[in-house]
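Subject: Handing over the structure

Hi there,

Here is the structure I promised to pass on to you. Have a look at it first, and then read on for what turned up in it.

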Amino acid sequence: MDIKEYKKGDEIGILDLFESVFNKKMSLEYWEWRFIKNPIHKNPMITLMWDDDKIVGHYAISPNKMQINDKTYLAALSMTTMTHPKYSGRGIFTKLATSLYKKEFERSELSLVWGFPNNNSHRGFIKNLKWKNACVIPTLTLDVPSFKYIESNKIDSFREVKSISLDNVKVHDKCVQNYDIKLNKDLNYFNWRYTENPESQYIILEMQDSAFVVAKLYETNSTHEIDILEWSIPIDFNFTKEALNAILQCFAEKFTITKINLWLPLNDKRHLDFEKLGFTNSAPLTYLGYSILNNNIGTKLSSDSWYFQMGDSDVY
């Protein structure tokens with residue numbers, strides 16, 4: 001078996017492997033959006049394990065910019081890990097990841113790989129790739145039937161928009177300014193992530209002062225829930241409640257909403273407002289981990305200083 005980096009045309013075999021491993025299809029359009037049209041770095045960061053003319057292993061990372069202690073580094077989100085069922089137990093994932101990290105550190109000055117390992121992969125990342133745990137992220141969840149609505153003349157100040165603007169980005173940057181570790185989410189990133197995604201449909205709600213939220217509706221067990229992917233609302237209890245009312249108003253006419261979910265660091269001052277409104281920590285719990293490739297960063301990152309949102313993960 002041989003490790004090779006991705007070349008144009010391999011995506012057909014990659015999609016076949018995905019179907020073999022996960023028993024579902026990934027569209028070519030989605031694959032190209034995530035790995036070819038990424039605005040941060042145009043060269044796909046993918047390694048493949050070949051057995052003759054067959055792809056039997058795959059590991060990919062998705063480049064992004066990470067700000068750490070006022071310096072910006074090329075980082076990458078750990079993405080699709082796949083080994084053909086007939087080749088499991090041979091250490092293919094560890095070999096692919098080790099090769100990819102070394103190659104991209106030398107070629108692209110990749111400084112950090114980070115991500116959200118699931119229960120199946122977490123042990124392998126920590127034990128075999130020497131990743132470090134940052135934290136476990138609980139899901140902040142509101143039981144919608146218990147949420148007390150308010151009558152407000154400010155509800156009309158929220159409007160649905162089709163894309164993120166520079167003014168929205170400025171509000172986002174202000175909301176995260178006290179965090180030492182965060183994704184650099186510029187205009188290109190936001191619109192690539194949310195408006196150009198070929199499969200997921202997101203709702204962007206904007207206030208008159210350019211504060212905004214990005215939300216997504218999904219169905220589970222015949223009910224509907226709302227995930228908030230980006231919460232770029234400054235610290236203000238009334239605005240927080242009004243924003244939640246606006247989100248529910250977008251969906252309530254067509255769907256019965258049972259829950260609203262989001263991620264927010266525990267030490268974020270806005271966390272207390274969500275608690276006051278009835279949000280509680282719940283499942284699913286999500287691992288956040290990382291591997292430092294650039295010694296200039298240091299050896300450990302503080303989870304207390306790391307800003308994360310649901311939209312940072314490719315799952316949502």
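Asp10 and Lys7 form a salt bridge, with their closest N and O atoms 3.2 Å apart. Asp10 is a buried residue, because its relative accessible area is 5%, under the 20% cut-off. Please keep in mind that this is a predicted model, so every value here is computed from predicted atoms.

That salt bridge has company, as the structure holds nine of them. Another joins Arg107 to Glu5, and there the closest N and O atoms are 3.0 Å apart. This pair links distant parts of the chain: Arg107 belongs to helix 3 (residues 92–108) and Glu5 to strand 1 (residues 2–5), 102 residues apart. Arg107 is partly exposed, with a relative accessible area of 45%, and Glu5 is partly exposed as well, at 40%.

Arg107 has a further partner. Its side chain meets that of Glu104 in a salt bridge, at 2.7 Å from N to O. Both residues lie in helix 3, three residues apart, which is about one turn of the helix. As a reminder, an α-helix has 3.6 residues a turn, so residues three or four places apart point the same way. Is Glu104 buried or exposed? Glu104 counts as buried, because its relative accessibility is 1%. Through shared partners, the salt bridges join Glu5, Glu104 and Arg107 into one network.

Charges also meet rings in this model. The charged end of Lys4 sits over the ring of Trp50, 5.6 Å from its centre. Lys276 lies over the face of Phe237, and here the distance to the ring centre is 4.5 Å.

Next come the aromatic rings. How many aromatic pairs does the structure hold? There are 22. One of them is made by Tyr189 and Phe190, whose ring centres are 6.1 Å apart; their planes stand at 70 degrees, so this pair is edge-to-face. Tyr189 is buried, with a relative accessible area of 6%, and Phe190 is buried too, at 0%.

A second example is the pair of Tyr290 and Trp306. Their ring centres are 5.9 Å apart and their planes are at 45 degrees, so the pair counts as tilted. Tyr290 lies in strand 13 (residues 280–292) and Trp306 in the segment after strand 13, so the pair ties together parts that are 16 residues apart in sequence. Both Tyr290 and Trp306 are buried. They also belong to a cluster linked by ring pairs, together with Trp114, Phe116, Trp263, Phe308 and Tyr316.

Now to helix 2, which spans residues 28–35. Its buried residues are Tyr30, Trp31, Trp33, Arg34 and Phe35. Which elements do these buried residues pack against? They pack against helix 1 (11–22), strand 2 (45–51), strand 3 (54–68), strand 4 (71–83) and helix 6 (187–194).

Trp33 deserves a look of its own. This helix 2 residue counts as buried, because its relative accessibility is 3%. Leaving aside residues up to four places away in sequence, Trp33 touches Asn38, Trp192, Arg193, Glu196, Asn197 and Pro198. If you would like a sense of scale, Trp33 and Lys254 are 221 residues apart in sequence, and their C-alpha atoms are 30 Å apart in space.

Last, the empty space. Rolling a probe the size of a water molecule over the atoms shows where such space is left. The structure holds three cavities of 30 Å³ or more, and the largest has about 70 Å³ of space. Which residues line the largest cavity? Its lining is made of Arg34, Ser62, Pro63, Asn64, Leu77, Leu183, Tyr189, Trp192, Arg193, Gly311 and Asp312. Strand 3 and helix 6 each supply at least two residues of that lining. Some of these names have come up before: Arg34 is among the buried residues of helix 2, Tyr189 is in the edge-to-face pair with Phe190, and Trp192 and Arg193 are among the residues that Trp33 touches.

Enjoy exploring the model, and write back with any questions.

Best wishes

Notes:
Residues numbered from 1 in each chain as written. Predicted model: local features only at pLDDT ≥ 70, side-chain atom pairs only at ≥ 80, totals over all residues. Heavy atoms only, no water. Buried < 20%, exposed > 50% of the residue type's maximum accessible area, 1.4 Å probe, protein only. Helix = DSSP H or I, 4+ residues; strand = E, 2+ residues; numbered from the N terminus. Contact = heavy atoms within 4.5 Å. Phe/Tyr/Trp six-rings, centres within 6.5 Å; stacked < 30°, edge-to-face > 60°. Lys NZ or Arg CZ within 6 Å of the ring centre and 35° of its normal. Salt bridge = Lys/Arg side-chain N within 4 Å of Asp/Glu carboxyl O. 1 Å grid on protein atoms, 1.4 Å probe; cavity = no way out; pocket = protein on both sides within 12 Å on 5 of 7 lines; lining within 4 Å. Points joined across faces, edges and corners; volume = space filled by probe spheres on them.
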